[in-house]
Amino acid sequence: MRDRDARDDDRSRSARLRGPIMAVAAILVLAVTAGAVASCSDQNMAFWRRDTAAANACPRPQSVTGSEFNAQEAGLRQLRRAAFRGDFFAQLELGSRYAALRATDKNIEDPIESAVWTGMALANHEGYAPINRVDRGGLFGGGWRSVSRYDDCRAWERHVAYDRLDGQLSRMTMEEQGQVRDRIIYVLSTQDADGFRALARLHDALYGPFGEPQDNPQAREAWGRQTSGRPDRRRGPGGYYSAVSLFPRNDVDAYLYNYLAVQTGDVGAYVLLKDFERSSPSRSRSGAFVEAKARQWVPPYEFYPNDAPASGVPFSDESRPRGDAYEYALGRMTELPFVHVGRALRYLGVTETVANAPNALSARQVQTLEAMLGHNMESRLSYVEMVRAIQLAAINGSSEAQLVLAVMYSEGIGVPPDYARAFHWYSQADKQGSPEAKFAMSTYFALGVAGVADQDKAEAVAFRIDSALAGFGPSASRLQAVLAQVSRSQRR
C-alpha cells in the first residue's frame with residue numbers, strides 16, 4: 001500500500017512538472033529555430049527577394065547629373081572615364097543610365113551600350129572578389145561565406161545585372177549581340193595584361209560565364225544550377241541563357257588571350273599561361289597555332305565606336321593606352337606632315353579646304369572634331385585628336401587615310417608600332433585600289449613579316465606588277481629595270 005501511494009505521488013509530481021518542462025522545451029525549440037532562421041538569414045536565403053532591392057543595393061557614386069541635358073552629358077563623360085578605368089560601380093551606373101531606368105535618361109536610352117557596361121561590371125573582379133570570409137556554420141551549415149555587407153550588396157548587384165543583361169540580350173539580333181561582344185573585347189584589350197586575362201577567363205570553360213569562379217552563387221544561378229539545395233523556381237532550370245551565351249567557351253580563344261597577356265611583359269600572365277597549358281593535355285598542343293594567330297590579332301575597333309545615339313552625345317573613348325611607348329609615339333606626330341591630318345579633316349567634312357598647319361584651323365572647326373570624338377571642348381587640337389582624325393577618316397573609307405594610318409603603325413608615329421594593324425590597313429587601302437598600298441603589300445611579302453605575312457615571292461611580284469600598272473612610280477621604275485635586264489640577256 002505504501003509503495004502504491006509512492007507511485008501515485010511520483011505520477012502526480014511528474015504531471016505537475018510536465019507542463020513547465022514542455023514550456024521550457026518549446027522555448028528552446030523556438031530559440032533554436034530563431035538561431036536557424038538567423039543562420040539562414042546569414043546565408044541570404046531571403047536575400048534574393050525582389051522587394052528588398054533598395055535595401056540590398058550598394059550606394060552608387062554621387063550623382064553628377066541634373067535634369068539639364070548639358071549636365072547630363074558632363075556626367076556621362078565623368079562616369080565613362082571611371083568605367084574605362086575599371087570602376088565597378090561606375091560600370092553598373094552606366095548600364096543603368098543607358099537602360100533609361102530613370103525617366104530623365106530616356107533621351108540617352110541605348111540597349112547595346114547598356115549591355116556593354118553591364119557585361120563589363122559582371123566581368124570585373126571587383127564585383128565578386130570577397131573581402132572577408134569566415135565559417136558561418138549554423139544549424140544547416142553555412143560554410144565559408146563572406147560576412148561583409150559590402151560583399152552581400154555586390155552579390156545583389158551582380159544578381160540584378162545578370163537579370164538585366166539576359167533580358168536585354170534576349171531582345172537583340174545576332175548582329176546587335178555581336179556589337180556588345182566586340183565592344184567589351186575592345187575595352188578589355190586596352191587594359192593591358194589585366195584586360196587580356198579577363199578575356200581569357202570569359203572564354204575559358206573552367207570559369208563562370210563572366211570569368212568568376214565556378215562556385216560563385218551568381219554564376220551558378222546564371223547557369224540555372226542549384227545554389228542552396230533547391231532549384232530557383234523563379235528562373236526555372238534554364239538560368240540566364242542569353243547572358244551565358246554571349247561569350248562562347250573556346251580553348252583556342254582562351255589560350256589566345258592568355259598569350260596576348262604574356263606579350264605585354266606581365267610576369268603573372270606567364271605563370272597563368274603555363275597553368276592554362278597544364279590544365280588539359282589538349283591545350284598545350286595548340287601552342288604553335290595560337291602563337292601565329294596572336295601575331296595577326298587586331299582589336300575589333302580602332303577606337304571606341306563614336307556612334308551618336310538619339311541624344312546626339314557620341315560615346316567618348318576613354319580607353320587611350322598609357323605608358324612610355326605610347327607617349328613616345330605621340331611625341332613623334334611632329335614627324336608626320338600636317339597635310340595628312342588636314343586631308344582627313346576635309347574628308348570628314350570638318351573643313352572645306354585642306355589645312356597645312358594646326359593654326360590654319362579655327363576654334364569652331366577644332367570643336368567640331370572634338371564633338372565628333374566625344375571629347376571635351378578645349379578648342380585646341382591635341383596629338384591624340386590628330387591621330388583620331390586620321391583613324392576616323394580611315395574607318396569611314398578614305399583610302400588615303402588608311403594608307404597613312406598603315407605607315408603610322410609601321411613606323412610607330414602617333415601610335416606604337418604594330419605590324420598586324422599596319423598590314424590590316426595596307427590591305428584595306430589595297431582593296432580600294434591604292435597603288436602605294438599595293439607596293440607596300442609587295443614589300444611585306446617580299447621580306448616576310450613573321451606571323452603577319454609570311455614570305456611569298458610570287459605574291460610579292462604580283463602586288464608589285466599591280467602597283468606598277470596602277471601608276472606607282474618606284475614600282476614602275478623597278479619593273480622597267482627588270483624588263484631591260486631581261487631584254488639585254490635575250491640580246492646576248
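# Close-up views of one protein

**View 1. The surroundings of Asp105.** Leaving aside residues up to four places away in sequence, Asp105 touches Gln72, Arg97 and Ala100. Everything shown here and in the other views comes from a predicted model. Asp105 sits in the loop between helix 4 and helix 5 (111–123). Is Asp105 buried or exposed? Its relative accessibility is 2%, so Asp105 counts as buried, the cut-off being under 20%. Keep Arg97 in mind, since this contact of Asp105 returns in the next view.

**View 2. A salt bridge inside helix 4 joins Glu93 and Arg97.** Here the two side chains meet, with 2.9 Å from N to O. Why are Glu93 and Arg97 separated by about one helical turn? They are four residues apart in helix 4 (residues 88–98), which means about one helical turn lies between them. Both ends of this salt bridge are buried: Glu93 has 12% relative accessibility, and Arg97 has 5%. Arg97 is also one of the residues that Asp105 touches.

**View 3. Arg197 and Asp266 link distant parts of the chain.** The closest N and O atoms of this salt bridge are 2.7 Å apart. Where do its two partners sit? Arg197 belongs to helix 8 (residues 192–203), while Asp266 is in the loop between helix 11 (251–263) and helix 12 (267–278). Along the chain, the two are 69 residues apart. Their surroundings can be described by accessible area too. Arg197 is buried, with a relative accessible area of 15%, whereas Asp266 is partly exposed at 26%.

**View 4. Arg388 and Asp317 form a salt bridge.** In this pair, the closest N and O atoms are 3.2 Å apart. Arg388 is part of helix 18, and Asp317 lies in the loop between helix 14 (287–296) and helix 15. With their positions 71 residues apart in the sequence, the pair links distant parts of the chain. Both partners, Arg388 and Asp317, are buried. Elsewhere, salt bridges that share partners join Arg80, Glu113 and Arg183 into one network. How many salt bridges does a search of the whole structure find? The total is 15.

**View 5. Helix 15 has a buried side and a face turned away from it.** Look for Tyr326, Ala329 and Leu330, which are the buried residues of helix 15 (residues 324–331). Why do they lie on the same side of the helix? They cover an arc of only 100° around the axis, and this places them on the same side of helix 15. Now turn to the face that points away from the buried side: it carries the exposed residues Asp324, Ala325 and Tyr328.

**View 6. Helix 15 packs against helix 18.** The buried residues of helix 15 pack against helix 18 (383–395). Two packed helices are described by the angle between their axes and the distance between the axes. For this pair, the axes come within 9 Å and cross at roughly 80°. An angle from 65 to 115 degrees counts as roughly perpendicular, so helix 15 is roughly perpendicular to helix 18. Which residues make the contact? Helix 15 brings Tyr326, Leu330 and Gly331, and helix 18 brings Tyr383, Val384 and Val387. Sorted by class, the contact has five nonpolar residues, one polar residue and no charged ones.

**View 7. Arg154 is a buried residue of helix 6.** Helix 6 covers residues 149–170, and Arg154 is found there. The relative accessible area of Arg154 is 3%, so Arg154 is buried. Not counting residues up to four places away in sequence, the residues it touches include Cys58, Phe88, Phe89 and Glu126. Also among them are Gly127, Tyr128, Ala129, Pro130 and Ile131.

**View 8. Asp430 in helix 20 and its separation from Gln402.** Asp430 lies in helix 20, which spans residues 419–431. With a relative accessible area of 14%, Asp430 is buried. Asp430 and Gln402 are 28 residues apart along the chain, and their C-alpha atoms are separated by 9.3 Å.

**View 9. The whole protein, with 23 helices and two strands.** Step back from the close-ups to see the full set of 492 residues, of which 46% count as buried. Among contacts between residues at least 6 apart in sequence, 61% join residues at least 24 apart.

Key: Residues numbered from 1 in each chain as written. Predicted model: local features only at pLDDT ≥ 70, side-chain atom pairs only at ≥ 80, totals over all residues. Heavy atoms only, no water. Buried < 20%, exposed > 50% of the residue type's maximum accessible area, 1.4 Å probe, protein only. Arc of directions from axis to C-beta. Contact = heavy atoms within 4.5 Å. Axes fitted to C-alpha atoms, helices over the stretch in contact; angles between N-to-C directions. Parallel < 35°, antiparallel > 145°, perpendicular 65-115°, else oblique. Nonpolar A, V, L, I, M, F, W, Y, C, P; charged D, E, K, R; others polar. Salt bridge = Lys/Arg side-chain N within 4 Å of Asp/Glu carboxyl O.
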